[in-house]
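User: I have a model open and would like to go through it with you before I plan anything. Could you start with the terms you will be using?

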Amino acid sequence: MRMLINVPETVVADALRGFAAAHPELTVDVENRVVLRRDAPVAGQVALVSGGGSGHEPLHAGFVGPGMLAAACPGEVFTSPVPDQMVRAAAAVDSGAGVLFVVKNYTGDVLNFEMAAELAEDEGVQVAKVLVDDDVAVTDSLYTAGRRGTGATLFVEKIAGAAAEAGAPLERVEAIARRVNERSRSFGVALSACTTPAKGSPTFELPEGELELGIGIHGEPGRERRPMMTSREIADFAVDAVLDDLRPQGPVLALVNGMGATPLLELYGFNAEVQRVLGERGVPTARTLIGNYVTSLDMAGCSVTLCEADEELLRLWDAPVSTPALRWGR
């Protein structure tokens, strides 16, 4: 096993210690696995809280900061955080204006965030929840009932976070988050499997010269395997799958996301093909974000997420944000 770690048992704690040292503008509670805005709670402001298994960085801790999340709760690798983490985070960031839980549709996340919401409300915190389920590849998977939550999580956290930063009430922030999810679709492709520190070997077998179309961010099976395809062919398949389900009537936000081991050189080349397909389908692109944002450890591959964006969503997307992974306008 060739990994830049000490031992598998401490990989998350070690990463959080390093994250804390790199980002003094955040409060990182390594022991309790909670990452907070240092200025939280912000008076009169709704607080967004999210979380999930580690291994998808910069999701979610990398999106904590003004204009996005107030707190993130990292679990063990590919393992949901526990309710105590979310309750602790909600109590730390609640200003009295309420807390919005952003939850990716994986069974462990859903159950633990639901339990945390009940516990937080028992402590006097008003909690709303939004489920992200944007992956069009499959309906049910290893860890989900229904569609998986993937790249649209970034869109939800950024756009709803901007609404919260502007002082919108909880009901409005929740409605915007739901609208973003409803208008978003994703499709992922794996060129290689990922390797978890605990297992020390690939999480699934992908024969040499093959790829997996519709892969999940934990290595869950997709739609089908095929012999290796060109960037052009992958874009045709992935973007068509998204557009056939989304059927946008206006411009889109586009996320061309790397799965962790795909270099930017390849992602920019892939984006050229994504934009070609969108142009051929008559879909204008309002904004494009390219990089490794919703990852799967060391998996080579990519995903495409499109969100049909109206004027309000574009305004909120363009609003200032200052987090370790997304930063503009400040």
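Analyst: A residue is called buried when its relative accessible area is under 20%, exposed when it is over 50%, and partly exposed in between, using a 1.4 Å probe and protein chains only. This is a predicted model, in which local features need pLDDT of at least 70 and side-chain atom pairs count only at pLDDT 80 or more, while totals for chains, interfaces and linings use all residues. Residues are numbered from 1 along each chain as its sequence is written, and side-chain values use heavy atoms, with hydrogens and water left out.

User: Fine. Is Arg 247 buried or exposed?

Analyst: Arg 247 is exposed, because its relative accessible area is 58%. It sits in the loop between helix H6 (231–246) and strand S10 (252–258), where helices (H or I, at least four residues) and strands (E, at least two) are DSSP runs numbered from the N terminus. Arg 247 also has a positive phi of about 50°, although it is not a glycine.

User: Why would you point out a positive phi?

Analyst: Because most residues other than glycine have a negative phi. Leu 297 is another residue to look at, with a positive phi near 55°. Leu 297 belongs to the loop between strand S11 (285–291) and strand S12 (301–308), and it counts as partly exposed because its relative accessibility is 24%.

User: And the peptide bonds, which ones are cis?

Analyst: The bond from Ala 40 to Pro 41 is cis, with omega near -5°, and Pro 41 is in the loop between strand S2 (34–37) and strand S3 (47–54). A cis peptide bond also joins Leu 59 and His 60, with omega about 0°, and His 60 is found in the loop between S3 and strand S4 (71–77). As background, most peptide bonds are trans.

User: What else is in that loop between S3 and S4?

Analyst: Ala 70 lies there, and at 8% relative accessibility it counts as buried. Ala 70 and Arg 38 are 32 residues apart in sequence, yet their C-alpha atoms are 9.0 Å apart in space.

User: Switching to charges: how many salt bridges are there?

Analyst: The count is 23 salt bridges, each being a side-chain nitrogen of Lys or Arg within 4 Å of a carboxyl oxygen of Asp or Glu. One of them pairs Glu 76 with Arg 33, with the closest N and O atoms 2.8 Å apart. Glu 76 lies in strand S4 and Arg 33 in the loop between strand S1 (26–29) and S2, so this pair ties together parts that are 43 residues apart in sequence.

User: For that pair, which side is buried?

Analyst: Arg 33 is buried, with a relative accessible area of 17%, whereas Glu 76 counts as partly exposed at 36%.

User: Where does Arg 185 find its partner?

Analyst: Arg 185 forms a salt bridge with Asp 245, and the closest N and O atoms are 2.5 Å apart. This pair links distant parts of the chain, since Arg 185 is in strand S7 (residues 184–190) and Asp 245 is in helix H6, 60 residues apart. Arg 185 is buried at 16% relative accessible area, while Asp 245 is partly exposed at 29%.

User: What about a pair within one helix?

Analyst: Glu 174 and Arg 178 form a salt bridge, with the closest N and O atoms 2.9 Å apart. Because they are four residues apart in helix H5 (residues 170–182), about one helical turn separates them. Arg 178 is partly exposed, with a relative accessible area of 36%.

User: Which residues are linked in a network of salt bridges?

Analyst: Arg 172, Arg 179, Arg 183, Asp 310, Glu 312 and Arg 315 are linked in such a network.

User: Last topic, cysteines: how many disulfides does the count come to?

Analyst: The count comes to zero disulfides, a disulfide being a pair of cysteine sulfur atoms within 2.5 Å. Cys 307 is in no disulfide, and the nearest cysteine sulfur, that of Cys 302, is 19 Å away.

User: Are Cys 307 and Cys 73 buried or exposed?

Analyst: Cys 307 counts as buried, because its relative accessibility is 0%. Cys 73 is buried too, with a relative accessible area of 0%.
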